[in-house]
Amino acid sequence: MILMNVFLSLLAGAFLWTFTEYALHRFLGHFKTKLLLRTRFHKEHTKHHLKKNYFAGPRDKILTLIATGPKIFLLGFTLSGTMSASFFTLGFVAMYLTYELVHFRMHIKAPPHGYASRMRAHHFYHHYVDENMNHGVTTPLWDYVFRTYRKPQTIPFPAKFRQDWFDVSDLGAYRDKWGQLYQQV
């Protein structure tokens, strides 16, 4: 019973992160109001869209964890006590760190497997086709739920964002070994 509780708490924390990732990205990263345009998150996210390989620094990520971790623990504690809250927080933080790694790799490394390739196309659709769609980075689940999912076809990408792993042919097209197609524009 204890192991099941630990597992479910970890899973619940990770699941909450996927929703948090979607909500932060959609509403703080792209929702345009005068108030939200001034948030640090929005400014950093805008730089990420405008500059090749730009990511907020480790300091920002550590401060995010310091500010968020206790709140997540308190939420878990309120719902189910100390042990569950600890594993709930661990699941949330582990998934956040996974997101950071996955997002970084999407931009700088060739996809290692088919799921990574599909999620990269999902994310690059957001970057280069329509920033109002495909907000999920680790999963498209919440894009389906909130109807912001678009199936990527050929992804056009500006030449200035060409990555070393993009082995673009003379025709300006690239198909990764998992089948995703990109077109340099």
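**Notes on a helical chain with a strand ending**

1. Reading along the sequence, you'll meet the pattern α-α-α-α-α-α-α-β-β-β. That makes 7 helices and 3 strands in the protein chain. Keep in mind as you look around that this is a predicted model.

2. For a sense of scale, the C-alpha atoms fit a box of roughly 60 × 40 × 30 Å along the principal axes. The chain has 185 residues, and 41% of them count as buried. If you take the contacts with a separation of 6 or more, 59% of them are between residues 24 or more positions apart.

3. Aromatic rings are a good place to start, with 14 aromatic pairs in the structure. Have a look at Trp 17 and Tyr 96: their rings sit edge-to-face, 5.1 Å centre to centre, with 75° between the planes. Trp 17 belongs to helix H1 (residues 2–30) and Tyr 96 to helix H5 (residues 82–108), so this pair ties together parts that are 79 residues apart in sequence. Both Trp 17 and Tyr 96 are buried.

4. Next, try Tyr 128 and Phe 161. With ring centres 5.5 Å apart and planes at 50°, this pair is tilted, because edge-to-face needs an angle over 60 degrees and stacked one under 30. Tyr 128 is in helix H6 (residues 114–128), while Phe 161 is in the loop between strand S1 (154–157) and strand S2 (173–175), so the pair ties together parts that are 33 residues apart in sequence. Are these two buried or exposed? Tyr 128 has a relative accessible area of 17%, so it is buried, given the cut-off of under 20%. Phe 161 is buried too, with a value of 8%.

5. Two more aromatic spots deserve a click. Phe 15, Phe 19, Tyr 22, Trp 142 and Phe 146 form one aromatic cluster. Elsewhere, Lys 51 lies over the face of Tyr 54, at 5.8 Å from the ring centre.

6. Now for the enclosed space. The structure holds 1 cavity of 30 Å³ or more, and the largest cavity has about 50 Å³ of space. Which residues line the largest cavity? They are His 48, Lys 51, Lys 52, Asn 53, His 107, His 127, Tyr 128, Phe 161 and Gln 163. You've already met Tyr 128 and Phe 161 as a tilted pair, and Lys 51 as the residue over the face of Tyr 54. By class, the lining of this cavity has 2 nonpolar, 5 polar and 2 charged residues.

7. On to the open spaces. The largest pocket offers about 600 Å³. It has 26 lining residues, and those nearest its centre are Phe 41, Ala 56, Thr 64, Tyr 96 and Glu 100. H1, helix H3 (40–50), helix H4 (58–80) and H5 each give two or more residues to that lining. H4 gives the most, with 6 residues. Sorted by class, the lining of the largest pocket comes to 12 nonpolar, 8 polar and 6 charged residues. Tyr 96, from the edge-to-face pair with Trp 17, is worth finding again here, as one of the residues nearest the pocket's centre.

8. The second largest pocket contains about 190 Å³ of space. Its lining has 13 residues, with Val 102, Met 106, Pro 112, His 113 and Ala 116 closest to the centre. H5 and H6 each supply at least two residues of this lining, and the largest share, 4 residues, comes from H6. By class, you'll find 8 nonpolar, 2 polar and 3 charged residues around the second largest pocket.

9. Last, a pair of backbone details to check. Asn 134 has a positive phi of about 55° although it is not a glycine. You'll find Asn 134 in the loop between H6 and helix H7 (141–145). Arg 147 also has a positive phi, near 60°, and is likewise a residue other than glycine. Its place is in the loop between H7 and S1.

10. How accessible are Asn 134 and Arg 147? Asn 134 has a relative accessible area of 0%, so it is buried. Arg 147 is at 74% relative accessibility and therefore counts as exposed, the cut-off being over 50%.

Note on methods: Residues numbered from 1 in each chain as written. Predicted model: local features only at pLDDT ≥ 70, side-chain atom pairs only at ≥ 80, totals over all residues. Heavy atoms only, no water. 1 Å grid on protein atoms, 1.4 Å probe; cavity = no way out; pocket = protein on both sides within 12 Å on 5 of 7 lines; lining within 4 Å. Points joined across faces, edges and corners; volume = space filled by probe spheres on them. Nonpolar A, V, L, I, M, F, W, Y, C, P; charged D, E, K, R; others polar. Phe/Tyr/Trp six-rings, centres within 6.5 Å; stacked < 30°, edge-to-face > 60°. Buried < 20%, exposed > 50% of the residue type's maximum accessible area, 1.4 Å probe, protein only. Lys NZ or Arg CZ within 6 Å of the ring centre and 35° of its normal. Contact = heavy atoms within 4.5 Å.
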